[in-house]
Amino acid sequence: MISRPKVILVIATSLDGRLAFPSGGESHLGTNKDREELTKVLNQVDATLFGSGTLKAHKSTVIIKNKTHKSLMRQPISILASNNNNFSKEWLYFQQPIKRWLVTKNAVFGTSKLFDKEIYFKGCWDKTLKEIGKNGINKIALLGGAKLINSFAMENLIDEIRVTIVPKIIGGQYSWIPAEANNTIFRINQSWKINSIKKLSTNEIVIHYTKENKNI
């Protein structure tokens with residue numbers, strides 16, 4: 001049986017569970033202290049994964065910022081999930097010192113020069129993760145957005161959650177799990193335990209949950 005990579009969801013949300021401001025677009029809810037916590041995770045994973053909507057909003061990804069050249073070479077691989085090429089090679093993302101992989105359902109025209117590897121979606125994320133795992137990826141940090149997070153939650157593929165609670169109430173529609181018309185996710189067998197709770201000097205709280213009785 002081929003095992004899949006461990007998936008660690010890393011998000012920052014407001015007190016009312018929002019990922020972004022009501023106007024949408026780029027959002028930086030967390031402070032630099034939260035960014036430091038994210039960097040610690042990046043040092044522990046082999047790759048990060050996020051969707052095209054998140055890339056379109058930020059036009060870049062988070063990288064490990066260290067002073068030495070050797071450290072810069074240890075950037076986790078950045079995996080983008082996208083079925084279109086609605087992005088520009090002029091974006092900062094395509095200039096950052098990282099390896100870029102693309103996960104797509106179909107061949108995306110004009111992307112071969114922008115990505116180091118293309119992996120085709122296998123119909124579900126469980127099978128796709130196993131394909132990714134064949135390339136030496138054992139741990140993935142899932143960075144968003146909401147639709148992609150929802151897809152992983154629906155397949156019960158999230159093994160850890162590291163959520164930073166930012167002391168702000170911002171409202172709007174951008175919660176980290178989209179509104180569903182049924183209780184499918186709630187019915188999935190979930191058993192989360194608190195691994196740690198850390199209070200930052202910025203009054204943010206980082207909660208690390210792990211799933212009990214994982215079947216990977």
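This passage walks through the aromatic rings, the empty spaces and a few single residues of a predicted model.

Aromatic rings make a good starting point. A pair of such rings is described by how far apart the centres are and by the angle of the planes. The structure has seven aromatic pairs. One of them joins F87 and F94, whose ring centres are 5.6 Å apart with 40° between the planes, a tilted arrangement. F87 and F94 are both buried. F94 also pairs with F115, and here the centres are 5.8 Å apart while the planes meet at 85°, so this pair counts as edge-to-face. As for where these two rings come from, F94 belongs to the loop between β3 (77–81) and β4 (100–104), and F115 to the loop between β4 and β5 (117–120), so the pair ties together parts that are 21 residues apart in sequence. F115 is buried, just as F94 is. Step back a little and a single aromatic cluster comes into view, made up of F50, F87, Y93, F94 and F115.

Charged side chains turn up over rings too. R100 places its charged end over the ring of Y93, 5.8 Å from the ring centre, and Y93 is one of the cluster members just named. In another case, K59 has its charged end over the ring of W91, with 5.2 Å to the centre of that ring.

K89 sits in the loop between β3 and β4, the loop that also holds F94. K89 is exposed, with a relative accessible area of 55%, which is over the 50% cut-off. Neighbours within four places in sequence aside, K89 touches F94, Q95 and L114. Its C-alpha atom is 9.5 Å from that of K113, a residue 24 places away along the chain.

Next comes the empty space. Rolling a probe the size of a water molecule over the atoms shows where such space is left. The second largest pocket holds about 340 Å³. Its lining is made of 20 residues, and those closest to the pocket centre are A153, W176, I177, I185 and Q190. Three elements each give two or more residues to this lining, namely α5 (146–154), α6 (184–187) and β9 (205–211). Among the elements, α6 gives the most, with three residues. By class, the lining of this pocket has 14 nonpolar residues, four polar ones and two charged ones.

There is also one cavity of 30 Å³ or more. The largest cavity has a volume of about 30 Å³. Around it stand T48, T61, V62, I63, Q75, P76, S78 and I98. This lining splits into four nonpolar and four polar residues, with no charged ones.

Back at the second largest pocket, α5 deserves its own look, since A153 belongs to both stories. A153 is among the residues closest to the pocket centre, and A153 is also buried in α5, along with L148, I149, N150 and F152. What do the buried residues of α5 pack against? Their partners are β1 (6–14), β2 (47–51), β3, α4 (125–133), β6 (139–144) and α6. Just past the end of α5, N156 has a positive phi of about 55°.

N150 has a link to another part of the chain as well. E180 is 30 residues away from N150 in sequence, and their C-alpha atoms are 9.7 Å apart in space. E180 lies in the loop between β7 (160–166) and α6. With a relative accessibility of 38%, E180 counts as partly exposed.

E37 rounds off the tour. This residue is part of helix α1 (residues 32–42). Is E37 buried or exposed? It is buried: its relative accessible area is 15%, and the cut-off for buried is under 20%. Setting aside neighbours within four places in sequence, E37 is in contact with K198, L200 and V206. Of these, L200 is 163 residues from E37 along the chain, with 9.6 Å between their C-alpha atoms. V206 falls within the span of β9 (205–211), one of the elements that give two or more residues to the lining of the second largest pocket.

Note on methods. Residues are numbered from 1 along each chain as its sequence is written. This is a predicted model: local features need pLDDT of at least 70, side-chain atom pairs count only at pLDDT 80 or more; totals for chains, interfaces and linings use all residues. Side-chain values use heavy atoms; hydrogens and water are left out. On a 1 Å grid over the protein atoms alone, a cavity is a set of points where a 1.4 Å probe fits but cannot get out, and a pocket is an open set with protein on both sides within 12 Å along at least five of seven lines; lining residues have an atom within 4 Å of a point. Grid points are joined across faces, edges and corners, and a volume is the space filled by probe spheres set on the points. Helices (H or I, at least four residues) and strands (E, at least two) are DSSP runs, numbered from the N terminus. Ala, Val, Leu, Ile, Met, Phe, Trp, Tyr, Cys and Pro count as nonpolar, Asp, Glu, Lys and Arg as charged, and the others, Gly among them, as polar. Rings of Phe, Tyr and Trp (its six-membered ring) pair if their centres lie within 6.5 Å; planes under 30 degrees apart count as stacked, over 60 as edge-to-face and the rest as tilted. Buried means under 20% relative accessible area, exposed over 50%, partly exposed in between (1.4 Å probe, protein chains only). A charge sits over a ring if NZ of Lys or CZ of Arg is within 6 Å of the ring centre and within 35 degrees of the ring normal. Contact means heavy atoms within 4.5 Å.
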